Amino acid sequence: MSSFAESKRKPGSEWLKNRPRLLEGIYAGSKSALQLLYPVLKRILPARWMDGIFVWSEEVSKGYLFNCQMCGQCILHSTGMTCPMNCPKNLRNGPCGGVRQNGHCEVIPEMPCVWVQAWQRDAQMGRYGGEIQLLQPPVNRSLQNSSAWLNLLEGVDAQQPSGWSTIELE
Amino acid sequence: MENPDQHPTASEGESLGSESRLLQVLKGGHFAVTAELNAPDSADPKDVYANVLALGDVCDGINATDGSGANCHMSSVACCALMARAGYEPVLQVSCRDRNRIAIQGDLLGAAALGVRNVLCLTGDDVSAGDQPEARRVFDFDALQLLRTAQILRDQGVFLSGRKLTTAPDFFLGAAANPFVPPQDLRHLRLAKKIEAGAQFIQTQYCYDVPVFEAFMRRARDMGLHERVYMLVGVGPLRSERAAEFMRSRVPGVHIPDAVVDRLAKTPRKGKRAEGIQICVEIIEEVKQIEGVHGVHIMAYRQEETVPEIVERAGILRSRPEE
């Protein structure tokens, strides 16, 4: 079972995860702050340092809060502030049909289904509530282990396969 | 013997432009019947034909499973191609468990070229449910991304990368729904999302709890979803209370209420099989009355021979054009 994200979970994050309204506020605040600061940071920090600093701080903070798997294209705010990459099937549009009657995961019986939690928390959210109904595009696996914040600020995470975008534009 | 690959049969030549027969039945307002083929553990096409024999005359579509329960069987593309060649109407099940996006798009084109028109897009049971739990799980796509990708192949005539197809496939696209597991009160929203992603028909998980299904359909109707998708309700005969126990504890996503299990337990040993069929018939009669239900999907694993009887007794048998 050691290969599962769940087994590497850091302690203490559940209390915060059950407060999605607080977390979405922190997310929105961080986003605005970073968008303001980024042009300055870009001027004073070498690219190599910037990458290292962002990746490290995301591994520590989002790792603790969400058991972040560093997919590099964060959609936490659209999934009830619950990391979808903790789902053993890696669903970005969950839950699957295998959820147990007690609301636990088909694959890891002792773990509550990530997506059941995500839908419940999404319903409590204000700013981003309801975004769980958006159809999420396939994961860009080449962004694994890169900084989701940098990808957001540079617009990298919004790039979709061109076939996917053709239908979105209609 | 004639080699069909060198001498394409008439049906293959025509198949490229023809519309799904399952779609035609549903469009015609008929109550559709689909059933699940038991994909053989064999390299002999005769084993596919033997399993499909009981289903052909009473069904509008026959699903070929894609490694159901994460157990290896003959591939669903191969089963579908053999069925199409023999004049049956196959439904290709595609799961995201075993193949990445490159393999899946290639298989979809290949299946279309072999005469497959109906595609059921699934997430797939996890590898841990099967007899080779040490296998790598892929899940490059999820079911909704798979649906949308199939839709892009069909409507835009391009791969996900944007590269153009010479000829686009003509698919009737389906998805699964499981109204019987948590979060039950939100499952209709997932149905809406699947329709948004391209689902034209739905085949549900086994329905043994009609009130739960009715509540799901009520919420779906409130959103107008029943007018945007063809809903086929999953049903199947239970052999005994032991089979029911096995299914609800070991097969992912199957919910069977205690009342059903008790009813089988109280039936004398010799009558259990008939009672299982009777329960299945009753459920079909009940769901048929629900607004927005367009058919049933009969999953009679290793009991294919019971399907004609179930169809006849549930009063949904109708004459089908000779194939």
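For the charge counts in these legends, Lys and Arg count as positive and Asp and Glu as negative, with His and the chain ends left out. With that settled, chain B carries 37 positive and 44 negative side chains, and the centres of the two sets sit 4 Å apart. Keep in mind throughout that this is a predicted model.

**Figure 1. Chain B as a whole, a mix of helices and strands.**
Chain B has 12 helices and 8 strands. Its C-alpha atoms fill a box of roughly 60 × 50 × 45 Å along the principal axes. A compact globule of 323 residues would have a radius of gyration near 20 Å, and chain B comes in at 19 Å, so the two agree. Buried residues make up 58% of the chain. If you count contacts in chain B between residues at least 6 apart in sequence, 78% of them join residues at least 24 apart. The accessible surface of chain B adds up to about 13700 Å², and carbon and sulfur atoms hold 50% of that.

**Figure 2. Chain A as a whole, with helices and 0 strands.**
Chain A has 6 helices, so reading from the N terminus you simply get α-α-α-α-α-α. The C-alpha trace spans about 55 × 45 × 35 Å along its principal axes. For 170 residues, the compact-globule rule gives a radius of gyration near 15 Å; chain A has 16 Å, which agrees. Here 48% of the residues count as buried. Of the contacts in chain A with a separation of 6 or more, 63% are between residues 24 or more positions apart. About 8400 Å² of chain A is accessible surface, and 58% of this belongs to carbon and sulfur atoms. On the charge side, chain A has 17 positive and 14 negative side chains, with the centres of the two sets 5 Å apart.

**Figure 3. Helix α6 of chain B, mostly covered.**
This helix runs over residues 143-155, which makes 13 residues. From first C-alpha to last, α6(B) reaches 18 Å, close to the 18 Å expected at 1.5 Å a residue. How many of its residues are buried? The count is 12 of 13. Among them are the hydrophobic-looking names you might go hunting for, such as L144(B), L146(B), L147(B), I152(B) and L153(B). But the buried list also includes Q145(B), R148(B), T149(B), Q151(B) and R154(B). An α-helix has 3.6 residues a turn, so residues three or four places apart point the same way. After the helix comes G157(B), with a positive phi near 65°.

**Figure 4. Q35(A) and its partner far along the chain, L153(A).**
Q35(A) belongs to helix α2 of chain A, which covers residues 20-44. Is Q35(A) buried or exposed? Neither quite fits: its relative accessibility is 45%, so Q35(A) counts as partly exposed. In sequence, Q35(A) and L153(A) are 118 residues apart, yet their C-alpha atoms lie 6.8 Å apart in space.

**Figure 5. D57(B), an exposed loop residue.**
Look in the loop between α3 (45-56) and β2 (61-64) of chain B to find D57(B). Its relative accessible area is 65%; exposed means over 50%, so D57(B) makes the cut. For a sense of distance, D57(B) and F31(B) are 26 residues apart in sequence and 15 Å apart in space, C-alpha to C-alpha.

**Figure 6. Two cis peptide bonds, at P95(A) and at P183(B).**
In chain A, the peptide bond from G94(A) to P95(A) is cis, with omega near 0°. P95(A) sits in the loop between α3 (47-66) and α4 (114-124). In chain B, the cis bond goes from P182(B) to P183(B), and omega there is near -10°. P183(B) is in the loop between β5 (172-177) and α7 (187-197).

**Figure 7. Positive phi without glycine, at N145(A) and A70(B).**
Which backbone angle stands out at N145(A)? Phi, which is positive at about 70° although the residue is not a glycine. N145(A) lies in the loop between α4 and α5 (148-153) of chain A. Over in chain B, A70(B) also isn't a glycine, and its phi is near 60°. The loop that holds A70(B) runs between β2 and α4 (76-85). With a relative accessible area of 13%, under the 20% cut-off, A70(B) counts as buried.

How values were computed: Residues numbered from 1 in each chain as written. Chains lettered and ligands numbered in written order. Predicted model: local features only at pLDDT ≥ 70, side-chain atom pairs only at ≥ 80, totals over all residues. Heavy atoms only, no water. Helix = DSSP H or I, 4+ residues; strand = E, 2+ residues; numbered from the N terminus. Rg over C-alpha atoms; globule rule 2.2 N^0.38 Å. Buried < 20%, exposed > 50% of the residue type's maximum accessible area, 1.4 Å probe, protein only. Contact = heavy atoms within 4.5 Å. Areas by Shrake-Rupley, 256 points an atom, 1.4 Å probe, with all protein chains shown as cover. Charge placed at Lys NZ, Arg CZ, Asp CG, Glu CD. Expected span 1.5 Å × (residues − 1).
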